[in-house]
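Let's take a walk through this one together. Pull up the coordinates and keep the sequence handy.

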Amino acid sequence: MAVVLNVKSLRALRKDRQSKPSRPDKDPETYKPLEPLQERIAAWRTVIEDDRQRAIYDRVAASVDEDRYRAIQQKYADEIRQSGQRATTKYIDLAPWFMIHSRLAMLLDLDRRAPCSILDIGSGGGQFLAIAKALGHRTMAFDLPEPDHYRDLVALFGIERVEGGVEFRKPLSPAVGRFDLIVINGQVFDRLPKTGARWRLPEWAGFIRYLCAEHLNYPGELFIGLNKSDGPTEKEEFFWPLVDLAERHGASVDRQYATMHFTLEKPLTLDEIDAVEWNRR
């Protein structure tokens with residue numbers, strides 16, 4: 001049987017199609033931190049195909065105070081307009097980062113586990129911890145004092161923040177305690193003083209030993225997701241020797257994204273590596 005649409009129905013259909021947000025991952029301008037929050041939330045929601053991930057995304061999106069978020073947009077509006085897509089002001093566009101980090105939250109079962117304590121080392125704007133907090137977990141952000149908009153975003157989410165950075169062979173701030181889950185996602189701190197060379201296995205093994213001994217509860221979990229930091233320009237490859245080492249020690253590894261997830265009953269020692277000794281308090 002043929003279906004006949006009158007002019008009013010056709011107009012309504014066109015309007016409905018126009019009202020649906022287009023997929024932002026098809027837009028060459030990925031980050032739009034000055035656009036209204038709800039428009040960005042709706043647009044990036046279309047990218048999520050998994051119902052469980054969508055539920056996590058919706059949970060954190062609903063937790064954001066829109067008035068306080070608009071105040072942050074206004075505060076940094078000039079800086080955003082002057083900055084490119086590579087500048088850190090891109091993190092003020094919350095929706096794409098909620099989408100990305102909701103995958104990590106799902107990988108770590110943050111929506112299905114009992115409330116736990118989570119430390120994010122190099123937390124940036126705190127979007128991952130915002131998700132964790134919205135799911136009922138106790139969170140702490142650890143990162144450098146600057147840029148200011150990171151501090152403002154973490155405050156927007158109501159997350160405890162300790163200012164500081166990872167320094168070679170030095171302990172973390174004494175304000176950082178022990179946690180059930182420690183997350184390092186997208187490291188930029190792994191450089192040696194003076195030379196600026198990237199850490200190799202002895203440095204990574206020493207830092208992991210230190211974290212396991214001083215900052216992890218047991219049973220506990222350690223998650224490391226690498227940035228590309230290897231190759232002639234330090235951007236071609238992930239540091240695969242660390243991924244291989246983690247896999248040998250029982251970590252769940254995803255080689256597409258170079259992630260390592262340790263579930264531990266006791267501290268890692270990594271005895272086969274001549275690890276750099278990390279100072280302890």
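Start with the whole thing, keeping in mind that this is a predicted model. Of the 281 residues in the protein chain, 46% are buried. The chain is built from 10 helices and 7 strands, and its C-alpha atoms fill a box of roughly 75 × 50 × 40 Å along the principal axes. About 14,900 Å² of the chain is exposed, with carbon and sulfur atoms supplying 49% of that area. As for contacts, take those between residues at least 6 apart in sequence: 64% of them join residues at least 24 apart.

Now zoom in on helix α7, residues 127-134. Here 7 of the 8 residues are buried, so the helix is largely enclosed by the rest of the structure. The buried ones are Q127, F128, L129, A130, I131, A132 and A134. What do they pack against? On the helix side, the partners are α3 (51-62), α6 (94-107) and α8 (148-157); on the strand side, they are β1 (117-121), β2 (138-143) and β4 (179-185). Just after α7, G136 takes a positive phi of about 100°.

Keep going along the chain to the loop between β2 and α8, where P147 lies. The peptide bond joining E146 and P147 is cis, with omega about 5°. Another cis peptide bond runs from Y218 to P219, with omega near -5°. P219, though, is found in a strand, namely β5 (residues 216-225).

Next, the backbone angles of two non-glycine residues. K194, in the loop between β4 and α9, has a positive phi near 75°. Its relative accessible area is 90%, so K194 counts as exposed. E234 sits in the loop between β5 and α10, and its phi is positive too, near 65°. With a relative accessible area of 24%, E234 is partly exposed, since the buried class is for values under 20%.

Those two loops lead us to the last stop, the pairing of helix α9 (residues 201-214) with helix α10 (residues 240-248). Their axes come within 10 Å and cross at roughly 45°, which makes α9 oblique to α10. The crossing is right-handed. Which residues meet there? From α9 come L201, W204 and I208, and from α10 come P241, L242 and L245. The residues of this contact divide into 6 nonpolar, no polar and no charged.

Definitions and conventions: Residues are numbered from 1 along each chain as its sequence is written. This is a predicted model: local features need pLDDT of at least 70, side-chain atom pairs count only at pLDDT 80 or more; totals for chains, interfaces and linings use all residues. Side-chain values use heavy atoms; hydrogens and water are left out. Axes are lines fitted to C-alpha atoms, for helices over the stretch in contact, and angles run from 0 to 180 degrees between N-to-C directions. Helices (H or I, at least four residues) and strands (E, at least two) are DSSP runs, numbered from the N terminus. Angles under 35 degrees count as roughly parallel, over 145 as roughly antiparallel, 65 to 115 as roughly perpendicular and the rest as oblique. A crossing is left-handed if the near helix is turned anticlockwise from the far one by less than a right angle, and right-handed if clockwise. Contact means heavy atoms within 4.5 Å. Ala, Val, Leu, Ile, Met, Phe, Trp, Tyr, Cys and Pro count as nonpolar, Asp, Glu, Lys and Arg as charged, and the others, Gly among them, as polar. Buried means under 20% relative accessible area, exposed over 50%, partly exposed in between (1.4 Å probe, protein chains only). Accessible areas come from the Shrake-Rupley method with a 1.4 Å probe; for residues, only the protein chains shown count as cover.
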